[in-house]
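Hello,

Here is the structure I promised to pass on to you. Please open it alongside this note, and then read on for what I found.

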Amino acid sequence: MNAISFRIEHQCPQCGAPIVLDEETRFFACEFCRVKSCISQTGFARYMFARSFPAMSHPDAPDDSDLVFLPYWRFKGMYYTCTRQKVSHRFLDISALALEGSFPNLPVSLGFRSQALSLKQVTPHTRGHFFQPADAPAILAQVQSRSMNMKQPGHAGFSEQIGETLSLIYSPFYTKGNRLVDAILNQPIRTFASTHIRLDNLPGCRPEKQTVFLPGICPDCGWDLEGANDSLILICKNCSTLWKPKDRQLARIRFKCTRPKSDTDVMVPFWKIKAGISGLSLSSMADLARLANLPRAVRPEWENQELFFWATAFKIRPRIFLSLASRITLGQPAPDLDREIPGNRHVPVTLPADEAVQSIRITLAGLARPLTDVLPALVDLKITPVQAMLVFLAFEDQFHDYVHPGLKAGINKKALALASNL
Ligand SMILES: [Zn+2]
Ligand SMILES: [Zn+2]
């Protein structure tokens, strides 16, 4: 796995100090004024590579206003494919030139640039010409067609991206004679006489969209919110509420918790999803048992037992993600739940509900026995989410793993610690 995490330059909303955060960061304390803030990100993030001082001082380097910024889509996440034989997965971290049409002379991806330089936000004061990005799905389809890593399963299967981050990254160039020059390295790319004309015909845009910072305090009681750097949802342990940055405010999130047996239990978040399924008869626990071909006989009461889909509300390696989703969906836990947040440690919520909904089809593929019988129905499956509820289940803290004995489910601690960069 070769995960890259960009470093992004920001300014503390409280004291104005420059701060550099990982791209996954959603909650942080400023190291200068100690004030906690949440980052509200609506839609995809938009960043740019900025020129260093030496790059700007190069004799060929033009003024900022003469820079042209080429757009690149960047996808990072888990790519699952389901074929007749099996469900497989791989980690994906790719970038692709986001221009419509063919531009053989332009760099097709950001290459290794991303690891070396930090990114900046595009602000209304950023000068230069920005090109409008082509639709992300169209660009991703092009990448899929040329990348072995993203080989399509063909019409007898399907693929799904889960937990992906999509961002738009601009890289600066300038023209010198009939050459396009990389403005970071001051190195010509290639001659591009014909490309030049076609580039001139492409629509430009102003991509700035300011990141919104929100104070990291509970809107209800003023208590400090708690969370990890990459938490999408923050906890107020004072008034037992959960909050999610949304647009320019913190929105309350509905949740339920099981009661832990011990102070050392760890509260693990899951999405419990009610969804309409069309294309497959799947509305009760009995239907699920038949799909999975469970060795036990289908119990009569299962015919009326409402079915919920479960998925982790945190990012984790695909193998563990799928095994937890299958195990807990098959277990259909219905413990006593309450709305009190216990003082126990909570695993941060890092996977949003809509990504969890997207995982249902691949979870079903993992459960179906034999897969070949169900695959055509899965390919055409329509999933309509009705409700997603955040549920914290108490797991025992054992030596290497967090364990739920009732569901026979375990989460490796090391894998969980490494998951923040997925
Ligand atoms: Zn500060
Ligand atoms: Zn509160």
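To start with a question: in what order do the strands of the open sheet with β3, β4 and β14 lie, and is their pairing parallel or antiparallel? The order is β3-β4-β14, and the pairing is antiparallel. At the edges are β3 (27-29) and β14 (212-215), each of them paired on one side only. From one strand to the next, the twist averages 35 degrees. Before going further, please keep in mind that this is a predicted model.

Looking more closely at that sheet, three bridges connect β3 with β4 (residues 36-40), in the antiparallel sense. You can find the register from A29, whose bridge partner in β4 is K36.

A second open sheet is worth a look too. Its three strands run in the order β15-β16-β17, again with antiparallel pairing. Here β15 and β17 are the edge strands; each has a single partner strand, so one side of each has no neighbour in the sheet. The twist in this sheet averages 40 degrees from one strand to the next. Five bridges hold the antiparallel pairing of β16 with β17, and L242 stands opposite I253 in β17.

The loops on either side of β16 each hold a residue with an unusual backbone sign for you to check. S240 sits in the loop between β15 (234-236) and β16 (241-246). Although S240 is not a glycine, its phi is positive, near 55 degrees. Is D247, in the loop between β16 and β17 (249-253), buried or exposed? D247 has 10 other C-beta atoms within 10 Å, and 12 or fewer counts as exposed, so D247 is exposed. Its phi is also positive, at about 50 degrees, and D247 is not a glycine either. S240, by comparison, has 16 other C-beta atoms within 10 Å and is therefore partly exposed.

Now to the helices. The axes of α6 (residues 318-331) and α8 come within 9 Å and cross at roughly 80 degrees. Angles of 65 to 115 degrees count as roughly perpendicular, and therefore α6 and α8 are roughly perpendicular to each other. Which residues meet there? From α6 come L322, A325, S326, T329 and L330, and from α8 come I362, T363, G366 and L367. Sorted by class, this contact has five nonpolar residues, four polar ones and no charged ones.

Just past α8 there is one more backbone detail. The peptide bond that joins R369 and P370 is cis, with omega at about -15 degrees. P370 lies in the loop between α8 (360-367) and α9 (371-379).

Finally, some numbers for the whole protein chain. Its secondary structure comes to ten helices and 25 strands. The C-alpha trace spans about 80 × 55 × 35 Å along its principal axes. How does the radius of gyration compare with what a compact globule would have? For 422 residues the globule value would be near 22 Å, and the chain has 24 Å, so the two agree. Of those 422 residues, 35% count as buried. Contacts between residues at least 6 apart in sequence join residues at least 24 apart in 70% of cases.

Happy browsing, and do write back with any questions.

Best wishes

Terms used
Residues numbered from 1 in each chain as written. Chains lettered and ligands numbered in written order. Predicted model: local features only at pLDDT ≥ 70, side-chain atom pairs only at ≥ 80, totals over all residues. Pairing = 2+ DSSP bridges. Helix = DSSP H or I, 4+ residues; strand = E, 2+ residues; numbered from the N terminus. Axes fitted to C-alpha atoms, helices over the stretch in contact; angles between N-to-C directions. Buried ≥ 20, exposed ≤ 12 C-beta atoms within 10 Å, placed from the backbone. Parallel < 35°, antiparallel > 145°, perpendicular 65-115°, else oblique. Contact = placed C-beta atoms within 7 Å. Nonpolar A, V, L, I, M, F, W, Y, C, P; charged D, E, K, R; others polar. Rg over C-alpha atoms; globule rule 2.2 N^0.38 Å.
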